[in-house]
Amino acid sequence: MNEIANELFYQPKHGYDRIDTQEVAEMNEYAAGYKTYLNDARTERECVKLSVQMAEEAGFVPYEPGMTMQPGTKIYHNVRGKSLILAVMGEKPLSEGCVIAGAHVDAPRLDLKPMPLMETDELSYFRTHYYGGIRKYQWVATPLELHGVVILKNGETVDVAIGRDPEDPQLIITDLLPHLSADQNKKALNEAHTGEGMKVFVGSVPYACEGRDRVKLAVMSILNSRYGITEEDFLSAELEVVPAMEVRDIGLDRSMIGGYGHDDRSCAYAELMAILELDVPARTAVCILADKEETGSDGVTGMQSSAFDHFMEDLCAEQNVPLRRCYEKSFCLSADVCNGYDPLYPEVSEKTNNGKMNYGVAICKYTGSRGKSGTSDASAETVAYVRKAFGEYGVVWQMAELGKVDQGGGGTIAKYMANRNIETIDAGVPVLSMHAPYELVSKFDCYMTYKAVAALYNTEG
Ligand code: MN
Ligand code: MN
């Protein structure tokens, strides 16, 4: 390249050409922590539980209305066990706004139906209803676990986790053998497996008695002896079938992490680590781990819920600041994953504008589909703000778009934050095989997403 081209052209460099050995070591340490988190927390409830535990160890306390607050006070608000808001009070008053990072901790999965247990031809199954966008063919013939809660008639909560412990059995949805799949093979990929067909195998041994549904009865009796539940208790339960694969390094160079739920726990963990390490920020730092993003952010624990506004309103009330004054001065990083450019499927991406593995945290100015439908589309000023902050803190970042125009699309919590009159932009980790039972991210991009959130928390504003 000649000098003038060097000066005028934007030439992104590979992430590994931009960090030294010291930072590689820090990256690997960070990745090790993330792997443990991802492996241990398989549902939104488990993410909230583990995050609360980590927050308490870092000195965070549950927010109580009327409690004494000062710069550096660390609080959290557990939203019904499925969503979590953490905050570290800043030096500046809330009338100066706060720095918010929002990720989600729910992930695509198979939920058990209210009446799940059935028997057919002396095999027993759970009926499921999938949650979020899944490609059904990816969820068959792969080991699964069952996690969740059952609330008994007397109000007692029973935590269920089957398959995580190495001694535990696991579950599976069977698929056809190639020898007999002539008809299935001719179907479109999205029609080869049906929603109702996603039945999870749970048992085959009949109960030693007379009568019908003896296998189902035997399974029910196993659940009853382990958890004290009866079939009616399924009606007040949230039981999630999730992939069982271990989180592992992927690639001979160990550059990637394979696991279930990188979308969006890779960003949730980045935010969490960044806020747990804060001392006294200039502006109040807020970290959101939201639920229900994969189904449109509706519901009491989703980002469209007033739970967030009420929490923020409480904080503002302590300082006699109207909530809207705080919001209009606030900034939100909607930390969510995007698709990484996949050379095996180049046809869906426009390479120049697509996120690339190992090129750092990917800023999505807009998401949406078709003509940018359903996106908040961050302003040039907002992009400039993060560009400056990332530059000052040595964050390796890239600009990204979700695939080719008219190829599909998607959304995040960004628009729900922006609709609150909070300046918002999307940024996060590029993912390969997104929404599959086993997704892939690069350690480098995960680490840079953490650095990105830390940079914003530490920026004066
Ligand atoms: Mn997401
Ligand atoms: Mn998603």
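What spacing do the donors of the manganese ion (ligand 1) follow along the chain? They follow H-x158-D-x72-D, and that pattern is a good place to start reading this predicted model. The donors themselves are His104 (NE2), Asp263 (OD) and Asp336, the last listed with two OD entries, and they coordinate the manganese ion (ligand 1) at 2.1 to 2.6 Å. Distant parts of the chain are linked here: histidine 104 belongs to strand E4, while aspartate 336 sits in the loop between E14 and strand E15 (338-339), 232 residues apart.

A second metal shares this site. The manganese ion (ligand 2) takes its protein donors from Asp263 (OD), Glu294, again with two OE entries, and His435 (NE2), which lie 2.0 to 2.7 Å from the ion. Along the sequence, these donor residues are spaced D-x30-E-x140-H. Where do the two sites join? Aspartate 263 is the bridge between the manganese ion (ligand 1) and the manganese ion (ligand 2), and the ions lie 3.4 Å apart. Because aspartate 263 lies in helix H6 and glutamate 294 in the loop between E13 and helix H7 (307-318), this pair of residues ties together parts that are 31 residues apart in sequence.

Let us step back from the metals to the sheet that carries some of these elements. Nine strands form an open sheet with mixed pairing, in the order E1-E2-E3-E13-E4-E14-E20-E16-E18. Its edge strands are strand E1 (61-62) and strand E18 (397-399), each of which pairs on one side only. Further in, you can follow strand E4 (residues 98-104) beside strand E13 (residues 284-290): seven bridges join them in the parallel sense. For a point to fix your eye on, look for glycine 102, which stands opposite isoleucine 288 in E13.

Helix H6 brings us back to aspartate 263. H6 lies across strand E2 (74-79), strand E3 (83-88), E4, E13, strand E14 (331-335) and strand E20 (423-428), and runs at about 145 degrees to E4. Which helices pack against it? One of them is helix H11 (residues 443-458): its axis and that of H6 (residues 262-276) come within 8 Å and cross at roughly 45 degrees. The two helices are therefore oblique to each other, and their crossing is right-handed. On the H6 side the contact is made by Ser266, Cys267, Ala270, Glu271, Met273, Ala274 and Ile275, which meet Cys446, Thr449, Tyr450, Val453, Ala454 and Tyr457 in H11. By type, these contact residues divide into ten nonpolar, two polar and one charged.

Another helix that packs with H6 is helix H3 (residues 44-57), at an angle of about 15 degrees and with the axes 11 Å apart. H3 and H6 are therefore roughly parallel to each other, and H3 passes H6 in a right-handed crossing. Here Glu44, Cys47, Ser51, Met54 and Ala55 in H3 meet Arg265, Tyr269, Leu272, Met273 and Leu276 in H6. Seven of the residues in this contact are nonpolar, one is polar and two are charged.

From H11, the trail goes on to helix H2 (residues 21-40). Those two pack at an angle of about 90 degrees, their axes 9 Å apart, and that makes H2 roughly perpendicular to H11. Among the residues that meet are Met27, Tyr30 and Tyr34 in H2, and Phe444, Tyr447 and Met448 in H11. The full contact divides into nine nonpolar, one polar and four charged residues.

Finally, turn to another sheet. This one is open too, with six strands in antiparallel pairing and the order E8-E7-E10-E5-E6-E9. Strand E8 (157-162) and strand E9 (200-203) stand at its edges with a single partner strand each, so one side of each is left without a neighbour in the sheet. From one strand to the next, the twist averages 30 degrees. At the E8 end, six bridges join that strand to strand E7 (residues 144-151), and the two run antiparallel. Within this pairing, valine 150 has valine 158 in E8 as its bridge partner. Helix H5 (residues 214-227) lies across strand E5 (109-120), strand E6 (123-131), E8 and E9, running at about 115 degrees to E8.

How values were computed. Residues are numbered from 1 along each chain as its sequence is written. Chains are lettered from A and ligands numbered from 1 in the order in which they are written. This is a predicted model: local features need pLDDT of at least 70, side-chain atom pairs count only at pLDDT 80 or more; totals for chains, interfaces and linings use all residues. Side-chain values use heavy atoms; hydrogens and water are left out. Axes are lines fitted to C-alpha atoms, for helices over the stretch in contact, and angles run from 0 to 180 degrees between N-to-C directions. Helices (H or I, at least four residues) and strands (E, at least two) are DSSP runs, numbered from the N terminus. Angles under 35 degrees count as roughly parallel, over 145 as roughly antiparallel, 65 to 115 as roughly perpendicular and the rest as oblique. A crossing is left-handed if the near helix is turned anticlockwise from the far one by less than a right angle, and right-handed if clockwise. Contact means heavy atoms within 4.5 Å. Ala, Val, Leu, Ile, Met, Phe, Trp, Tyr, Cys and Pro count as nonpolar, Asp, Glu, Lys and Arg as charged, and the others, Gly among them, as polar. Two strands pair if DSSP finds at least two bridges between them. Donors are N, O and S atoms within 2.8 Å of the metal (3.2 Å for Na, K and Ca); water is not among the atoms, so sites may look incomplete.
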